Structure formats: C-alpha cells, structure tokens
Amino acid sequence: MSADPSFDPQAIQAAIDAFADMPGALLPILHSIQERVGYIPPAAVTPVAAALNLSRAEVHGVISYYHHFRDRPCGKRMVEICRAEACQARGARQLDAHARQRLGCEFHQTSAEHDVTLEPVYCLGLCATGPAVSIDGQLHSRVTPERFDALLEQNP
Ligand code: FES
C-alpha cells in the first residue's frame, strides 16, 4: 500500500503510543488518529493491527462499523444530520433532503462548491429537540431548512 502524502505518519504512531497499553485500546487509538489526521487513513490499519495484535480485518471492521469514523479526508466543514427516529419524527427527512439539495452532494460526500462534508449520524443526544445537527462539532437543535441555511452562512 502506498503512503498517503497528505498526512504525517508520525501522527498514527503517536496515537498508538498514547493508548496501546490500555485495555480496549482500539477505539481510543482510532479516535486519536481521526483527531490528529482528520480521518483514518487506510495506511493506519496495518500499524494499529500490529500494535494491538489484531488482524487488519478486525481493525477495518471497527472503522467501517462506526459511522463516526471516516476513511478519507473531509471538507473544511463537517455537517452531521441526525437521521434517527426521534429526529425523523420532527422533520429530519425534510431537513436532510434540503441539505443534500443545498450542498449539492449526498451523505458521505463532500460538496465541491462549499467544501462541506455531509454525514448522517444516529443520535446526537438532542432527541427531544430535533431535528438535530452538528456543524463542525457544534450541536444545534430544532433545525429547520431555513435555520440550516443560516447556520451554514455563519463562519463559512
Ligand atoms: S434521535 Fe436525533 S438527537 Fe437523538
């Protein structure tokens, strides 16, 4: 596998070194890599598996199981829209249709025009005040299509 020149491989080793000795180290290491690199590069799978005495398939399985983990770079901004049931009951489907149309991309894609990555999430802990959205890690509740547009305009 060729190295991805867009990240510092030392970031992966630093994440491994920080957590490898603790029980249940895989998830903390993956979170740390994503924080340091912005995503989990495919080149990280082999060293993480080796450090934890796991197979590459086991590590890849965890990365692909959790929606939170990304295996490719994201845009400058990250928009996550809750698609779980409580938010759906409060209008999340209309909101995600609006967001996809507004951004010109589907979930798991990055809008070419806006450099915004759109991801689904399945509960942000704001179930009573949905639809819930996270924009660059900041949570927003009761997000209507109009409010979504206004939030996107802030700090573009
Ligand atoms: S269901 Fe959307 S925040 Fe919980």
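**Briefing: charge pairs, a buried threonine and a nonpolar patch**

Asp136 has a relative accessible area of 41% and therefore counts as partly exposed, since that value falls between the limits of 20% for buried and 50% for exposed. The structure is a predicted model, and a search through the whole of it finds seven salt bridges. Side chains of opposite charge can pair when their charged atoms come close. The points below take up several of these pairs, and then turn to Thr117 and to a patch at the surface.

**Salt bridges between parts distant in sequence**

- Asp136 forms a salt bridge with Arg77, and the closest N and O atoms of this pair are 3.1 Å apart.
- Because Asp136 lies in the loop between strand S4 (133-135) and strand S5 (138-140), while Arg77 belongs to strand S1 (residues 77-82), the pair ties together parts that are 59 residues apart in sequence.
- Whereas Asp136 is partly exposed, its partner Arg77 counts as buried, with a relative accessibility of 11%.
- Glu153 and Arg102 also meet through their side chains in a salt bridge, with an N to O distance of 2.7 Å.
- Glu153 is in helix H7 (residues 145-153) and Arg102 is in helix H6 (residues 92-103), so this pair ties together parts that are 51 residues apart in sequence.
- Arg102 is partly exposed, at 24% relative accessibility.

**Other charged pairs**

- The side chains of Asp71 and Arg72 are joined in a salt bridge, at 3.6 Å from N to O.
- Both residues of that pair count as partly exposed, Asp71 with a relative accessible area of 36% and Arg72 with one of 46%.
- A network of salt bridges links Arg83, Asp96, Arg100 and Glu106.

**The surroundings of Thr117**

- Thr117 is part of strand S3, which covers residues 116-121, and Thr117 counts as buried because its relative accessibility is 3%, under the limit of 20%.
- A polar atom of the Thr117 side chain lies 2.5 Å from the backbone nitrogen of Gly75.
- When neighbours within four places in sequence are left aside, Thr117 is in contact with Cys74, Gly75, Arg77, Met78, Val79, Gln109 and Thr110.
- One of these contacts, Arg77, is the residue that forms the salt bridge with Asp136.

**A nonpolar surface patch**

- Leu27, Tyr65 and Tyr66 make a nonpolar surface patch of about 320 Å².
- Within this patch, Tyr65 has its place in helix H4 (residues 56-65) and counts as exposed, because its relative accessibility is 61%.

Definitions and conventions: Residues numbered from 1 in each chain as written. Predicted model: local features only at pLDDT ≥ 70, side-chain atom pairs only at ≥ 80, totals over all residues. Heavy atoms only, no water. Helix = DSSP H or I, 4+ residues; strand = E, 2+ residues; numbered from the N terminus. Buried < 20%, exposed > 50% of the residue type's maximum accessible area, 1.4 Å probe, protein only. Polar contact = N/O pair within 3.5 Å; in protein donor to acceptor, adjacent residues only side chain to side chain. Contact = heavy atoms within 4.5 Å. Patch = residues over 30% accessible without salt bridge, like charges linked within 9 Å, V, L, I, M, F, W, Y side chains within 5 Å. Areas by Shrake-Rupley, 256 points an atom, 1.4 Å probe, with all protein chains shown as cover. Salt bridge = Lys/Arg side-chain N within 4 Å of Asp/Glu carboxyl O.
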